[in-house]
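Here are a few short exercises on charged and polar side chains. Try each one with the structure open before you read the solution.

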Amino acid sequence: MGDCHYLYGNYMTIKRITFLQELLTFLGLEGRIHLAWISSAEAQKFVQVVTDFTEKVRALGPNPLPTFSHNKKAALSSVLGRGMGKTPGSSPPEPALQEVYP
Amino acid sequence: MAGLAAAFGSGAMTNSIAEIEDAGCILIIGSNTTSCHPLIARRVLRAKEKGAKLIVADPRNIQLSRFADVSVNHRLGSDVALLNGMMHLILQNDWHAKQYIAERTEGFEALEETLKAYTPEKVQAITGVDVHDLGKITQLYATHPPASLLYAMGITQHTTGVDNVKSCCNLAMLCGNVGVYGGGVNPLRGQNNVQGACDMGGLPNVLTGYQPVTDAGVREKFAQAWGRDIPEKPGLTITDMVPAMLEGKLKGLYVIGENPKLSDPDWNHLNHALKQLDFLVVQDLFLSETAQVADVVFSAASVAEKEGTVTNTERRCMRLHKAVDPIHNTLPDWEIISRLSTAMAYDMSYENPEAIFNEIASLTPNSYAGMTYERMGLDGLQWPCPDPHHPGTPYLHKDKFARGKGRFHALEYQDPAEMPDEEYPYFLTTGRMFAHFHTGTMTRVSPHLDVEQKTGYAEINPTDAGKLTVNEGDILVLSSRRGRMEAPAHVTESVEPGTIFLPIHFGENPTNVLTDAEAFDPLAKIPEFKVSAVKIEKLTIE
Amino acid sequence: MQDTVKAWLENGTIDVFLGYKKVDNHPLPHCFTKARLEELEDLVVSPDRYPLEKIATHMTTAKPEVKIGMLARDCTQRALNVLYIWNQLDPEKIQTLNVNCCPSPLKEKADCSYLRPATVGDYKKEKGVNNAALLEQLSEYGQEERLGRWMYEFQKCIKCYGCRNICPVCFCKECSLEHEDLIKTGALPPEIPVFHLIRAVHMAGRCIDCGLCEEACPMDIPLRLLYRKVNDIVAQVFDYKTGTSASQSPFNILGDSVTLEPKPIQLTGTDS
């Protein structure tokens, strides 16, 4: 820390990345951003960090965001359907639509 | 307009915008509400979040489809069949409002007879809507009163436009949804003052407040006020004007605030007609495509530069307040018209727009009679407002329809004028996108809106794009029986396979090269912008 | 109140005064001047709010020497502090007339009529994010559910830019939200969550929690809540409470010490 070509650059960076990590976590996108200090001489470390992070992201599964990109009901409900707990005070579920078409 | 007037006796949105929030169910058909009427979409979502049911019926997948309880993609132009199918199921399930039908409507028996044939299987065959989805939307609409029906140009811009509107009215009356708070049949007008323009008699067959020119009493009243005889024959609609120009019967055209070169169907045909004119005058804010070929151009002042009123989609007449003086020697429209008229030997002199408004109120008994600038304040008044103490009317037809009894129309489904065939295998539909307005005369000159969408494009489903090996941004050549145009492909699931969507705003990709001027509703004369058949090829550079 | 403003205008303390004038029962923002002192009779404190300080910023851009007085709630004061820090306004040229304000985490006791009980529908409570929720309540949801709820809200967006246009501390000449390389253009909803995230990130060190964005949002997206989280993180990470003073902010000077460590990768923990 403080060992930066841009003087205080890494101080700023760490704050900003921490900020972004917290914000993404708040929205439900945890663990998809990572910061590491690697000098241009540390090729081994660079490879290690990238490899580890790639594995970590792979373990998180596919990016959930594209599911929201289509103007189709399915896009919304598929994600809302999963892991959607009941909230206190919410209305009881509507009875399923009866088949009016025999 | 014509359809609503035939069914209810009044051609306007029956209910108010704010009431949409309190609907039990909202059926949106032929309206891309978030793009074209975003502040009405706000009410729709608020209603949804408060517990209302939302049904979206649209050939395209629109933003609101995401939030719908059920959304269906019925085939372009199959609205009458879909609505008849819903009504068939309503009768079958005994969900119709029997007492309301008996007391307040007429023509039910004929409708009932017609509906018998519209079984879910038949409707599925015509519309492509699954029988189970049809059942679901019918149940939602019929069992969550009050149900509000919203429609826009997706219903009206068809050869069967009037039938489509009448079918919407049929459905709403069948469930007793007209004349009740939060319900109704609600056409969403595309501009802040379309309703106002109609109210002012900006139609060929009526004077203010839809008073027919064919009525001798009405003509007499206006003749007294204006000191001139009023012609008893209705004028021409724009759809009739084009052939009249071609035949040389119409020699001069005065266009105010329109850009027919882009907005009218069959671009080549219309250009040919404009060339036959002896004299073309255009009055506009900007030098539109039409103004560029005019003999005389009057540059008009913008909304911020003048006083006056507008009447919006919910019949609310509101005042405009001048914010700045007109720039560059422009004049408000009313002053241009007054001066022109005076120069042509009919002395039209008004002190200000308020004097004109007071004349309107004095000649328009039911709708505007009770309005004054002072009463309107900032919030405006909703017509009918027949006397100075009337608070205005949030929703129409409360205890009685404007025409007495609501009229059911028994209607059979008819195919659009042009269906895809071997030569032209794709459906083409046209419409608006959110960042631009109509022919873009006002929006394309705004840098903020231009950055949003700079050129035309053609929406194509990924399946079709795959078949044609077309990628995002590749140039497509679209041709119909009328003409040919090019546009970059936008690959999206917003359109279903077999359908192409083109936005109408872009003069360099004029959509109306492809559409058909011969196909229009026989009564309302609205052209069928929403359905044409086209073929598409990928542009290859040799 | 009228007398103070009148005196200020007459003795040249200020050239113009920004307040509210009642027109047909609607309090509208209005610029009072010495030339029309009689209008001061209609000067009111409005329960409806407009960003008067934003109007002041626009005025100053056009005419840097103009001396402006304005009605100020606490949120106005916080916004002014931010605008001073970012050199958008000169404290020497601003005179405030303080009036009652709204409750906020920065000032809990207030008697302004803002924060009327918002009605949040049951469906929204079930699928989206309750505008009236507290930050702690949101952390009770799992990651996936939280994402689904926020995406429900963002999908309603009609890209009207109401949130930006009303924002008293949005003053950039070029806005990243309109940058076609950053956010895809031409579609509704806009590219999500990027559109809303970019704005959230730009609110760091700027947002003064006035809530105008959420009031302006036609789709009731809980923007105030989102930016409250931003302020929360800014307070934790940068030890900075935006708007509380007009002295320099950590966002426009370089920090000289930091005690934070980057978060480790949980999988391996090889990071320093």
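**Exercise 1.** Find the salt bridge between B:Lys306 and B:Asp333 in this predicted model, and work out which parts of the chain the pair links.

*Solution.* Start with the distance: the closest N and O atoms of B:Lys306 and B:Asp333 are 3.1 Å apart, and the cut-off for a salt bridge is 4 Å. Next, place the partners: B:Lys306 sits in the loop between strands S9 and S10 of chain B, while B:Asp333 belongs to helix H17. The two are 27 residues apart, so the pair links distant parts of the chain. Finally, check the accessibility: B:Lys306 is buried because its relative accessible area, 16%, is under 20%. B:Asp333, at 22%, is partly exposed.

**Exercise 2.** Decide whether B:Asp325 and B:Lys322 are buried, partly exposed or exposed.

*Solution.* First, note that their side chains meet in a salt bridge of 2.8 Å, N to O. Then apply the cut-off: B:Asp325 has 54% relative accessibility, which is over 50%, so this residue counts as exposed. B:Lys322, with 39%, counts as partly exposed.

**Exercise 3.** Which polar partners does the side chain of B:Thr364 have, and is B:Thr364 buried or exposed?

*Solution.* Begin with the location: B:Thr364 lies in the loop between helices H18 and H19 of chain B. Now look for partners: the side chain of B:Thr208 makes a polar contact of 2.8 Å with that of B:Thr364. In addition, the backbone oxygen of B:Ile360 is 2.6 Å from a polar atom of the B:Thr364 side chain. Last, the relative accessible area of B:Thr364 is 1%, so this residue is buried.

Terms used
Residues are numbered from 1 along each chain as its sequence is written. Chains are lettered from A and ligands numbered from 1 in the order in which they are written. This is a predicted model: local features need pLDDT of at least 70, side-chain atom pairs count only at pLDDT 80 or more; totals for chains, interfaces and linings use all residues. Side-chain values use heavy atoms; hydrogens and water are left out. Helices (H or I, at least four residues) and strands (E, at least two) are DSSP runs, numbered from the N terminus. Buried means under 20% relative accessible area, exposed over 50%, partly exposed in between (1.4 Å probe, protein chains only). A polar contact is a pair of N or O atoms within 3.5 Å; within protein, one must be able to donate a hydrogen and the other to accept it, and residues adjacent in sequence count only if both atoms are side-chain atoms.
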